[in-house]
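Open the model in your viewer and keep the selection panel at hand. This tour goes stop by stop.

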Amino acid sequence: MTGVLGTAAERARRNPVLLWGLTRVVLLLCVFKVVTVPGPDVTSDIEQIYQGWFEVLKTGTYPLDDVTWQYPPLAAVAILSPALLPFLGYSAAFFVLAFLCDALVFGLLMYAGKRRGRSRHGAWIWIAGVPLLGPTAYARYDLMVTAVAVAALLAGLSRPRVLGALAGLGAMLKVWPVLLLVGTPRGRATFRSWSTAAGAAAGLLLLCVLAAPGALAFLTFQRERGLELESLGAMLFHVARHVGWDGEARMNYGSIEFLGPYVSTVASAAMALTIASFAWLLVWRFRARAFATSTAADAAFVAVLLFTTTSRVISPQYMIWLVGLAAVCMAYRSSRMRRPAHLVVWATAVTQFEFPVWFSHVTDSDPLGIALLLVRNGLLVAASVSACRVLWHQTVTEPRLAPVVTPVPQPERARSTMPVA
């Protein structure tokens, strides 16, 4: 029996399509509740929240009175998308569409890996990263947004307008894909991609505003969010609960947040850290001297990694963004993001234990819950520092230190004095 299993495992390891299929079957079994994952039911949001939004959106308006609606207006398309499969129930249709988006990303990475200067390592990162997050990967619409982002980055240098259009589309789905543009090469590529992104985002936003009332309600709801239980800043209050801190953790604006003394101060500090991170990216862009074929993907990965790590909210599904961008980086042989990409994969694996498996320990701030958050957030911090160092070294330090090669003047050839026949 061991020999048969060993042969099957070796065959799966050599065949990425087979391994992708096997892992995704397991994911589908989990979201369809054939296999039960310990902890809270991560699919309940599809039935209780997404489907509720679906019913409201069908009436021609955004959820004006629901503070959990905190997404750009085009997110309505993702919420309404299960209507494309009317022969399935809402949840089942959503899971099938998430599976198809997963397949699209895998296919894009496999195709990209065949081209010159590319690698299939990116496909392997995607194969591993998505199932390590568990059923959460298929139970949120973040996988759909990540599919748009991956397609945008793989369009890359050769099609800057496609990159810009998809980045603008993604930004209207969930904001963060606008960061895909931070590493575009200076000059014509930047002008074309940035102008196209701005035009696409503005056009889609105007269309949504004209189509239904409440398209901009998400701005107020998002601004009023606090310090989410799993964020980096929340670590202080997990420890403070054991030394007499007079606060609590409860559901607020769609997630469990800390509420009490000093929370607003730490939340403001987290926002300041995010602003500082973006300032660093701005300095990097001005100082960068060399843009390799992978720089656009590397810079996007760094930007989203910084945004995620320093955010007031680190929801488990955010890891899908990082896995997708890490996979794109690893699809380029010139990328040096191997270490931070692997750290992200490990952080994704820990995230599934943090939520949903042992989420009760996290909400109780007991030693196991604190340890899980310490490891996961520590891996994200390590990945962020490593990725920033790699990006700066490859694009700023190395080009500055590269020796300038001065061409040696060649002596002129003596003119021939022979007569021309």
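What follows is a list of selections, each with a note on what is there.

**Confidence first.** This is a predicted model, so colour the chain by pLDDT before anything else. The chain averages 90, and 91% of the residues score at least 70. Now select residues 414-421. Here the pLDDT is below 50. Beyond near neighbours in sequence, the stretch 414-421 makes zero contacts in the model.

**The nonpolar core.** Next, select Trp69, Leu109, Trp126, Tyr141, Leu180 and Met337. These residues have the most contacts inside the largest nonpolar core. That core has 125 residues. Stay on Leu180 and show what surrounds it. Which residues is Leu180 in contact with, leaving aside neighbours within four places in sequence? They are Ala149, Ala152, Leu153, Ala167, Ala296, Ala300 and Leu325.

**Helix H9.** Select residues 188-211, which form helix H9. Put a distance between the end C-alpha atoms: they are 34 Å apart. At 1.5 Å a residue, the 24 residues should span 34 Å, so the two values agree. Now pick out the buried residues of H9: Thr190, Ser193, Thr196, Ala197, Ala201 and Cys208. An α-helix has 3.6 residues a turn, so residues three or four places apart point the same way. To see what covers the buried residues of H9, add 160-174 and 263-287. The cover includes these two helices, H8 and H12.

**The sheet.** Show strands E1, E2 and E3. They make an open sheet in the order E1-E3-E2, with antiparallel pairing. The edge strands are E1 (227-228) and E2 (248-252), each pairing on one side only. Start with E2 and E3 (residues 255-259), which pair over five bridges. Two positions to label on E2 are Glu248, which stands opposite Leu259, and Met251, which stands opposite Ile256. Then go to the hairpin of E2 and E3. Two residues lie between the strands, and Tyr253 takes a positive phi near 55 degrees. Finish on the other pairing. E1 and E3 are joined in the antiparallel sense over two bridges. Label Leu227 and its bridge partner in E3, Phe258.

**The cysteines.** How many disulfides does the structure hold? Zero. Select Cys101 and Cys208 to see one case. Cys208 has the closest cysteine sulfur to that of Cys101, but the gap is 18 Å, too far for a bond. Cys101 is buried, with a relative accessible area of 18%. Move to Cys329, which is also in no disulfide. The nearest cysteine sulfur is that of Cys388, 12 Å away. Is Cys329 buried or exposed? Cys329 is buried, at a relative accessible area of 0%.

**A loop residue.** Last stop: Gln317. Look for it in the loop between helix H13 (295-310) and helix H14 (318-330). Gln317 counts as buried because its relative accessibility is 10%, below the 20% cut-off. Show the residues around it. Not counting residues up to four places away in sequence, Gln317 touches Leu133, Thr136, Arg140 and Asp142.

Terms used: Residues numbered from 1 in each chain as written. Predicted model: local features only at pLDDT ≥ 70, side-chain atom pairs only at ≥ 80, totals over all residues. Heavy atoms only, no water. Core = buried A, V, L, I, M, F, W, Y, C linked by side-chain atoms within 4.5 Å. Buried < 20%, exposed > 50% of the residue type's maximum accessible area, 1.4 Å probe, protein only. Contact = heavy atoms within 4.5 Å. Pairing = 2+ DSSP bridges. Helix = DSSP H or I, 4+ residues; strand = E, 2+ residues; numbered from the N terminus. pLDDT = per-residue confidence, 0-100. Disulfide = S-S within 2.5 Å. Expected span 1.5 Å × (residues − 1).
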